[in-house]
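Biologist: I am new to this structure and would like a close look at its interior. Please take me through that part step by step, and then show me how the surroundings connect to it.

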Amino acid sequence: MGHVGLVGVNPALLRQLDHQLSSDFVLVAPDKPDHLFEYMESGGALVDAVVLGLAVEDAVRLAQRIHTYDKLVPVLILSPPSTSEELKR
């Protein structure tokens, strides 16, 4: 079973993912980034991937912090096209 952390993701997108993904995935949607870290540190299931939504401030810094826990966790940052080049750098 895969665990996916979703931070700052639009509630409608969260509902759509929850509805469309198979039961092989558990969605973890904390209301604050720090709660994701509490979940990761709690000794429970490991997070297999993280999605950072448009509402996340300083997403790059948050992704870097996630990688201090596990460098292999994929982090997907949702962003408007106007900021994608900046995020790539």
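**The nonpolar core and its surroundings**

Modeller: In this predicted model, the largest nonpolar core has 13 residues, and those with the most contacts inside it are L36, V50, L52, L62 and I66. Helix α2, strand β3 and helix α3 each supply at least two residues of this core, and the largest share, four residues, comes from α3. As a general background, nonpolar side chains in soluble globular proteins tend to be buried together.

A useful place to stand while looking around is I66, one of the core residues with the most contacts. Leaving aside residues up to four places away in sequence, I66 touches L36, F37, M40, V50, L52, V73 and V75. Several of these neighbours can be placed by their numbers: L36, F37 and M40 fall within helix α2, which covers residues 33-41, V50 and L52 fall within strand β3, residues 49-52, and V75 belongs to strand β4, residues 75-77. I66 itself sits in helix α3, which covers residues 59-69.

Before going further, a word on how far the model can be trusted. The chain averages a pLDDT of 87, and 97% of the residues score at least 70. Confidence is highest in strand β3, at a mean of 94, and lowest in helix α4 (residues 81-88), at 78. Strand β3 is also one of the elements that each supply at least two residues of the core.

From β3 we can follow the strands outwards on either hand. On one hand, three bridges join β3 to β4, and the two strands run parallel; within this pairing, V51 stands opposite L76 in β4. The connection between these strands passes over a helix, for β3, α3 and β4 together make a right-handed β-α-β unit. The helix that gives the core its largest share, α3, is thus also the helix of this unit.

On the other hand, β3 pairs with strand β1 in the parallel sense over four bridges. Here G5 has V50 as its bridge partner in β3, while L6 has V51 as its bridge partner in β3. V51 therefore turns up in two pairings, across from L6 and across from L76, because strands β1 and β4 are both paired with β3, each by at least the two bridges that a pairing needs.

Strand β1 (residues 2-7) deserves a closer look. Beyond β3, strand β1 also pairs in the parallel sense with strand β2 (residues 25-28), again over four bridges, and G2 has F25 as its bridge partner in β2. These two strands, with helix α1 (residues 11-20), make a right-handed β-α-β unit. Side chains in a regular strand alternate between the two faces of the sheet. In β1 both faces are covered: G2, V4 and L6 on one side and H3, G5 and V7 on the other are all buried. Six of the six residues of β1 are buried, so the strand is largely enclosed by the rest of the structure.

Among the residues of β1, H3 makes a good example. H3 counts as buried, at 12% relative accessibility, and stands opposite V26 in β2. H3 also lies 4.9 Å from V47, C-alpha to C-alpha, although the two are 44 residues apart in sequence.

Finally, we can turn to the charged side chains. The structure holds two salt bridges. In one of them, the side chains of R65 and D34 meet at 3.1 Å, N to O. R65 lies in α3 and D34 in α2, so the pair ties together parts that are 31 residues apart in sequence. Both helices also contribute to the core. R65 is partly exposed, with a relative accessible area of 37%, and D34 counts as partly exposed as well, at 42%.

The other salt bridge brings together the side chains of R61 and D58, at 2.9 Å, N to O. R61 counts as exposed, at 57% relative accessibility, whereas D58, at 45%, counts as partly exposed. D58 is found in the loop between β3 and α3, and has a positive phi of about 55° although it is not a glycine.

Key: Residues are numbered from 1 along each chain as its sequence is written. This is a predicted model: local features need pLDDT of at least 70, side-chain atom pairs count only at pLDDT 80 or more; totals for chains, interfaces and linings use all residues. Side-chain values use heavy atoms; hydrogens and water are left out. pLDDT is the predictor's confidence in each residue, from 0 to 100. A crossover is right-handed if, with the strands pointing away from the viewer, the path from the first strand over the helix to the second runs clockwise. A salt bridge is a side-chain nitrogen of Lys or Arg within 4 Å of a carboxyl oxygen of Asp or Glu. Buried means under 20% relative accessible area, exposed over 50%, partly exposed in between (1.4 Å probe, protein chains only). A nonpolar core is a set of buried Ala, Val, Leu, Ile, Met, Phe, Trp, Tyr and Cys residues joined through side-chain atoms within 4.5 Å. Contact means heavy atoms within 4.5 Å.
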